[in-house]
Amino acid sequence: MKKLEIGTKESIYIFILSLLYLVYGVLQFYNGLVGWMPYLGENLQIGVPVLGTYIPFAFPSIFSGLALFTVGALLLKGVYMRHQGDEKYCGYVFVGWAMAMLLMALNILVIIADILDTYYPLVWGETIEEGWSLAGDAWGIAPHLILGLLLTPFYTRMKDILRELSPMKYRISLSKKEVREWK
Amino acid sequence: MIPLAFAPEGKILRVVGIRGGRGVMQRLADLGLLPGSIIRVVKSTGGGAILLELRGSKIALGRGISMKVFVEVK
Amino acid sequence: MKIRVALAGNPNVGKSVVFNNLTGGHQHIGNWPGKTIDKAEGTLNYKGNEIYIIDLPGTYSLTAYSVEELIARDYIIQEKPDVVVNIVDASNLERNLYLTLQLSELGANIIIALNKMDLAKKENAKIEVKKLEKILGIPIIPMVAPRKEGMKELTDAIIKYAENPVKREIRYDEKIEKYIDEVRRIIEGKIEGLNPRWAAIKILENDEEIKKKIGKDLLSRCEEVRENMKNEVGDPEVALADARYELIKEICKDVLIKEKKVTASDIIDSVLLDKYLGIPIFISILWMIFQFGFMISAPFCDFLGDGFAQVSSALSGITGIRWLDYLLFGDYGVLNGLGMVLSFVPLIILLYFALSLVEDFGYMARAAFLMDRIMRKLGLSGRAIIPMILGLGCNVPAIYATRTIPDEKDRLVAIVTNPLMLCGARLVFFSAIVGAFWGEMGGDVLLSLYLLGVVLTFIVAIILRKTVFKGKASPFILELPPYQMPVPRVCLRKAWERGKLFFTKAGKVILPGILILGILLITSTSFAYTENAEESIAAVIGKALLPLVKPLGWDWRLLVAALFGIVAKEIVLGASALLYGVSEENIAATMASMYTPLQMYSYLVFILIYVPCIVTIGAIKQEAGTKWAVFTVIYEILLAYLVAWLVLGIGHLMGVA
């Protein structure tokens, strides 16, 4: 029933990533809360300071935090199940991976959209006062993108499941004998 | 004979009776859930909602209906 | 040759993919007259033939119990299409053949398009297509629609069988057939335009629609036969359903070999329906759809809105006539209004595209299953959660999203309560005001408004369910199809069509609305052009209506701004700035100097609840009918007044300044 092959080293890798997803998820959630209720505390960031912002930047959002946390939980559960020898682990790892990919794609699309949104007035010759900057954009290089990139290589493992979900070529050929029978 | 709502997960069951109004019975019949049909409970949520396998497809039933469908373990 | 083709099949069999393959860009989506079920029709020119294709609603059967079934069968009976293409899911053969048998009873000229052959193969289900063809006497075209495999064969078959119809009567067990024959003898020749065998079967099934078409004496004779049948084999409706499935079982014994196999779908389902993670996954996915729709469409929406504003101001002054200029190119002019309507379109398209992808994948059914129990207790259908969340961004696409709710009453409740969700437009106004009045606590105030919207949604839904929409909760029966990668071009096409539909329908409502408001603002009581807001008719109306809102403590300007908000909630900010004679940056501070935080909170509450913007009203009219649009407007005004007043009262009682 195993649709997914993961070695031990890869398990550990996923395990670490799952923890990162959990941590950044909680971070975003917390920052989101703090945004609504400043008296709770200050915005926290864990990352590499770059160009006035952090990479990855855990922008405040309760729901984004939930999404990251969920991905982390799914991956963690998957790895744990595999450790326990439960064959159903494939599902959890796959869904976690798939959601991580979607979040990464979303991050990229949002950055593109934000850039477009900043510069479209150029079409009618308006001057842009404040250009787009990584620091100015909430979604600029968020955990979705970084962690997603780190998970992307697993695509090769997911191919089997993906293929099963996708429309396949079904060779429908009528042999001459069958054609005669039809008519 | 027990209501589907209380049936155990994973077991093969036979439908022995459906106690419902015209509309409900017809809709179930259209999907192939008739007295005598063989089904399997894929998932049973605590609140009575059931996910079952019937004639090769998966059907979800709410609590209201799963209390009205009676089954026995095959 | 002109050929009329109807596509019929179960939900989730890939009908829309086949439809899109056949029609491509030559399609049009509208409504079945008087109903809110999608009507997709299109044309195809092939080998010199003009083929008209209509996509009938997906149904499991052809009873008289649901709107979809009635639409499907009435079309086949009345319009008599040359060919009915029955799209059958090869991975679900038994259940799908049930509808095939019903179509055959109708006497339709059927071709079976056996879709999802690849999925059947993946699930280790082997079908002997030739054998099945012979047994049924119906031509079968195997296919994999997303890859367009089999489409050519299908189109060839359509032409072939349009010219040479297949006529074949499929008979059930004699035990049942004898009753069908008896009723048939009774009604033979006495029914216009209906296949006698089908009518006989329907009469035995107690079909109300068909019974209406027979004379009383004939009906009573048929009832006798029905009684006899009841005594021998039990409830005729059940017996007939049983007979069909018995026949299917016999047929499948010969042509279908199925191996029990754990599929990817099964594995994924155990995750997506996980006891603890199921709901977080759902919320996350919903959030992703939301973000995709609103953030990715933003540049396009802004571009359109701004673009038209640019054109507007560029053209302003061109006519030389002040009032004409204002009406055409002014801030509230026609051109800007057009821009505003158009600026909704990218949002609708992207949101619908994302929803369509997730739905076609098969996930929405799981989500409905997860949420239904909770939502039921709160008076709403499980499927209503999606429109509710969408309403947080914009009520317009949210209302269109209610189409997926099968039960009519549930759908109407979802539509009518949707405007209570705090939409993006109101957020514009709220966030501008909140900072000036509450400073650091502004965020909390905003959150409280959101929560108020949600709470009111549930309260109103429960009340409506107990009164206006009284009725038992519709039974929850839902098929969970196997997961399959959606076909992006199909989803995009669907989204595009819906965007077009919105533009034409909404535009008709909004543009006149904006025009009227513009006129009211610039015309003085002596019907001359004026730029002083105080002199305008709008001001006069505002002052005249002032007594109505006395308990709420507003001045006429707040009232007029609220009136303007009927056009679009974003306008409330700009309109109040105009009316107070200050810039948009300063309006919040100005109001802060005139009103207490309590009074302003009450005003915000009113704006939250009172009336949906005119675009939303248009959407409600389109999806639920004028009656409910009017109902929504009225109940919301009353509710807004009540709650705003309560807020003031409670505030004073609590000693809040």
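Is the crossing of α3(A) and α13(C) left-handed or right-handed? To find out, let's walk through this predicted model, starting with how its chains meet.

Two pairs of chains are in contact, and of these it is chains A and C that share the most contacts. Chains A and B, on the other hand, do not touch, and their nearest C-alpha atoms lie 15 Å apart. The boundary between A and C is therefore a good place to begin our tour.Next come the two helices of the opening question. Helix α3 of chain A covers residues 89-119, while helix α13 of chain C covers residues 278-315. Their axes come within 9 Å and cross at roughly 20°. An angle under 35 degrees counts as roughly parallel, and α3(A) and α13(C) are therefore roughly parallel to each other. As for the handedness, the crossing of α3(A) and α13(C) is left-handed.

Which residues meet here? On the α3(A) side you will find M99(A), L102(A), L103(A), L106(A), L109(A), V110(A), A113(A), L116(A) and D117(A). Facing them in α13(C) are residues including W287(C), M288(C), F292(C), M295(C), I296(C), P299(C) and F300(C), along with S284(C), Q291(C) and D302(C). Sorted by class, the residues of this contact between α3(A) and α13(C) divide into 17 nonpolar, two polar and two charged.

Helix α3(A) also has a partner within its own chain. α3(A) and α5(A) pack with their axes 11 Å apart, at an angle of about 95°. That makes α3(A) roughly perpendicular to α5(A). From α3(A), the contact draws on V93(A), F94(A) and W97(A); from α5(A), it draws on Y155(A), M158(A), I161(A), L162(A) and L165(A). The contact of α3(A) with α5(A) has eight nonpolar residues, with no polar and no charged ones.

One of those α5(A) residues, L165(A), leads us to the empty space inside the model. The structure holds four cavities of 30 Å³ or more, and the largest cavity contains about 60 Å³ of space. What lines the largest cavity? Chain A provides E164(A) and L165(A), and chain C provides L119(C), K122(C), E123(C), T263(C), A264(C), S265(C), P482(C) and Y483(C). In terms of helices, α5 (155-165) of chain A and both α4 (117-122) and α12 (264-272) of chain C each supply at least two residues of this lining. By class, the lining of the largest cavity has five nonpolar, two polar and three charged residues.

Methods:
Residues are numbered from 1 along each chain as its sequence is written. Chains are lettered from A and ligands numbered from 1 in the order in which they are written. This is a predicted model: local features need pLDDT of at least 70, side-chain atom pairs count only at pLDDT 80 or more; totals for chains, interfaces and linings use all residues. Side-chain values use heavy atoms; hydrogens and water are left out. Axes are lines fitted to C-alpha atoms, for helices over the stretch in contact, and angles run from 0 to 180 degrees between N-to-C directions. Helices (H or I, at least four residues) and strands (E, at least two) are DSSP runs, numbered from the N terminus. Angles under 35 degrees count as roughly parallel, over 145 as roughly antiparallel, 65 to 115 as roughly perpendicular and the rest as oblique. A crossing is left-handed if the near helix is turned anticlockwise from the far one by less than a right angle, and right-handed if clockwise. Contact means heavy atoms within 4.5 Å. Ala, Val, Leu, Ile, Met, Phe, Trp, Tyr, Cys and Pro count as nonpolar, Asp, Glu, Lys and Arg as charged, and the others, Gly among them, as polar. On a 1 Å grid over the protein atoms alone, a cavity is a set of points where a 1.4 Å probe fits but cannot get out, and a pocket is an open set with protein on both sides within 12 Å along at least five of seven lines; lining residues have an atom within 4 Å of a point. Grid points are joined across faces, edges and corners, and a volume is the space filled by probe spheres set on the points.
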